[in-house]
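Grab a coffee and work through these exercises with the model open beside you. Try each task before reading its solution.

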Amino acid sequence: MDMTEQVQETKNTIQCLLNEWTELQLTLAREKLLKKGSLSVSEIEFKRLQQQISSAKLMINKLQPVVTTCLKESKELKEELELATSSTDQLQQSHHHLVSRLETTKAECDQERTAKLKMQAELAEVSNQLSLQSEYCASMGAVCCTLLWQASQQEQMIPHLLAGSQMQSFLPVVSHTLESFLATYEEDPPEGMNEEIQFVLALVGTVTNVAASAVGREFLAKSSHCGMLVSTFKELLSKPPSKHIVRLKGLAIMGLYNLSINQNGLTVLNGTKGLVSLLTWLLSVEGSGEMKLHTLLLLHSLVSDTKDMNVLLEAKEGVTEQLFRELSSHKDKEIREIFLEINQAIQVADTEQ
């Protein structure tokens, strides 16, 4: 039996005694036995009352340890309650602190958001200005380089263009600009990029015109930037055919052919790994008769006077049976004749080997 049941049982016993006492008083009143403060009860009733009082005493003695335990537990619970109240107060203080920090953080976020919006607006303004400046530079570059391209068409102007050190600085600009253009536009540039296209065309066209003169070829062949320029042109030629790329390829092919007329230039070209294989690939994928002719002229220049067996072997491996049939029976007589001369040079070298 737990403490709660014992307490309840004691309450019930006391209540029963009170009820019996009340009933006894009523009985004595009816019988008019209550006289001058004295009370008479029967022996049986008295003994029964004594027994009940004894039972109540026993019950009280029995409940005393339980009551003591209850008081102790009540004290412990009170202490725990006080501790819990203290913890609750601390938690409330922490809560208020966190709420305060949250409000501070929100205020800082609002400030940062405002600053970010301001920076975005400033960035948009700077981007707009940069775009305008870029368009202006592209326009100015296209105009200036087109004028330079036109001037370089006059052979007597080439020595003037080569005077000083500006042309040495011009060649890296051509390479880097062309590389950037090819990296940005894998295919044809979108509409509205005419100035950028004209800019790049004018740069490549100027180099081609410079290489068209003997003094220009000699200058390019001896330049420390010649190898870089040839590699960039080679990268251009490796791109898939497209409208504007074809125009650039045509200028690059003619520029390389002009360079090959110079012995030093021919040495640089024959030392460019994979160039001959690239030219034979161009012959098989380019549909333009003009591109095929210019490619054949360059290939002819590379293989006709060289004694480098690696170049000749590379050319032989690149001319497949299908390409041989196509070019040897081409409707353009000049293409047929140049290709047969190339094939003859390859065969003679193969025989000598």
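## Exercise 1: the lining of the largest cavity

The residues lining the largest cavity divide into 10 nonpolar, 1 polar and no charged. Keep in mind that you're looking at a predicted model.

**Task.** Work out which residues line the largest cavity and which helix supplies the largest share of them.

**Solution.**
- Step 1: start with the space itself. The model has 2 cavities of 30 Å³ or more, and the largest has a volume of about 90 Å³.
- Step 2: list the wall. Leu171, Val207, Ala211, Leu220, Cys226, Leu229, Val230, Phe233, Gly255, Leu256 and Leu259 line the largest cavity.
- Step 3: sort by class. Gly counts as polar here, so Gly255, a member of the lining, goes in the polar column.
- Step 4: assign to helices. At least two lining residues each come from helix 5 (194-211), helix 7 (226-237) and helix 8 (243-260). Helix 7 gives the largest share, 4 residues.

## Exercise 2: a pocket with a mixed wall

**Task.** Find which residues lie closest to the centre of the second largest pocket, and say how its lining splits by class.

**Solution.**
- Step 1: get the volume. The second largest pocket comes to about 180 Å³.
- Step 2: pick out the centre. The pocket has 10 lining residues, and Thr177, Ser180, Phe181, Tyr185 and Glu196 are the closest to its centre.
- Step 3: place the wall. Helix 4 (166-184) and helix 5 are the elements that give two or more residues to this lining, and helix 4 gives the most, with 5 residues.
- Step 4: split by class. The lining has 5 nonpolar, 4 polar and 1 charged residues.

## Exercise 3: the buried side of helix 9

**Task.** Explain why the buried residues of helix 9 end up on the same side of that helix.

**Solution.**
- Step 1: find them. Helix 9 covers residues 263-270, and its buried residues are Gly265, Leu266, Leu269 and Asn270.
- Step 2: check the arc. These residues span only 135 degrees around the axis, so they sit on the same side of helix 9.
- Step 3: recall the geometry. With 3.6 residues a turn in an α-helix, residues three or four places apart point the same way.
- Step 4: look at the neighbours. The buried residues pack against helix 6 (214-222), helix 7, helix 8, helix 10 (275-285), helix 11 (289-304) and helix 12 (309-318).
- Step 5: finish at the N-terminal end. Asn262 caps helix 9 there, with a side-chain oxygen 2.8 Å from the backbone nitrogen of Asn264.

## Exercise 4: three residues, buried or not

**Task.** Decide whether Ser175, Ser213 and Glu341 are buried or partly exposed, and describe the surroundings of each.

**Solution.**
- Step 1: take Ser175, in helix 4. Its relative accessible area is 0%, so Ser175 is buried. Beyond its neighbours within four places in sequence, Ser175 is in contact with Met228, Leu229 and Thr232. Leu229 also turned up in the lining of the largest cavity.
- Step 2: move to Ser213, in the loop between helix 5 and helix 6. At 2% relative accessible area, Ser213 is buried too. A polar atom of the Ser213 side chain lies 3.1 Å from the backbone oxygen of Val210. Leaving out neighbours within four places in sequence, Ser213 is in contact with Glu155 and Ile158.
- Step 3: end with Glu341, in helix 14 (residues 333-352). Its relative accessibility is 41%, so Glu341 counts as partly exposed. Val303 is 38 residues away from Glu341 in sequence, and their C-alpha atoms are 9.8 Å apart.

## Exercise 5: the whole chain

**Task.** Say how many helices and strands the protein chain has, and what share of its residues is buried.

**Solution.**
- Step 1: count elements. The chain has 14 helices and 0 strands.
- Step 2: get the burial. Of the 353 residues in the chain, 33% are buried.
- Step 3: look at the contacts. Among contacts with a separation of 6 or more, 73% join residues 24 or more positions apart.

Terms used:
Residues are numbered from 1 along each chain as its sequence is written. This is a predicted model: local features need pLDDT of at least 70, side-chain atom pairs count only at pLDDT 80 or more; totals for chains, interfaces and linings use all residues. Side-chain values use heavy atoms; hydrogens and water are left out. On a 1 Å grid over the protein atoms alone, a cavity is a set of points where a 1.4 Å probe fits but cannot get out, and a pocket is an open set with protein on both sides within 12 Å along at least five of seven lines; lining residues have an atom within 4 Å of a point. Grid points are joined across faces, edges and corners, and a volume is the space filled by probe spheres set on the points. Buried means under 20% relative accessible area, exposed over 50%, partly exposed in between (1.4 Å probe, protein chains only). The arc is that of the directions from the helix axis to the C-beta atoms. Contact means heavy atoms within 4.5 Å. A polar contact is a pair of N or O atoms within 3.5 Å; within protein, one must be able to donate a hydrogen and the other to accept it, and residues adjacent in sequence count only if both atoms are side-chain atoms.
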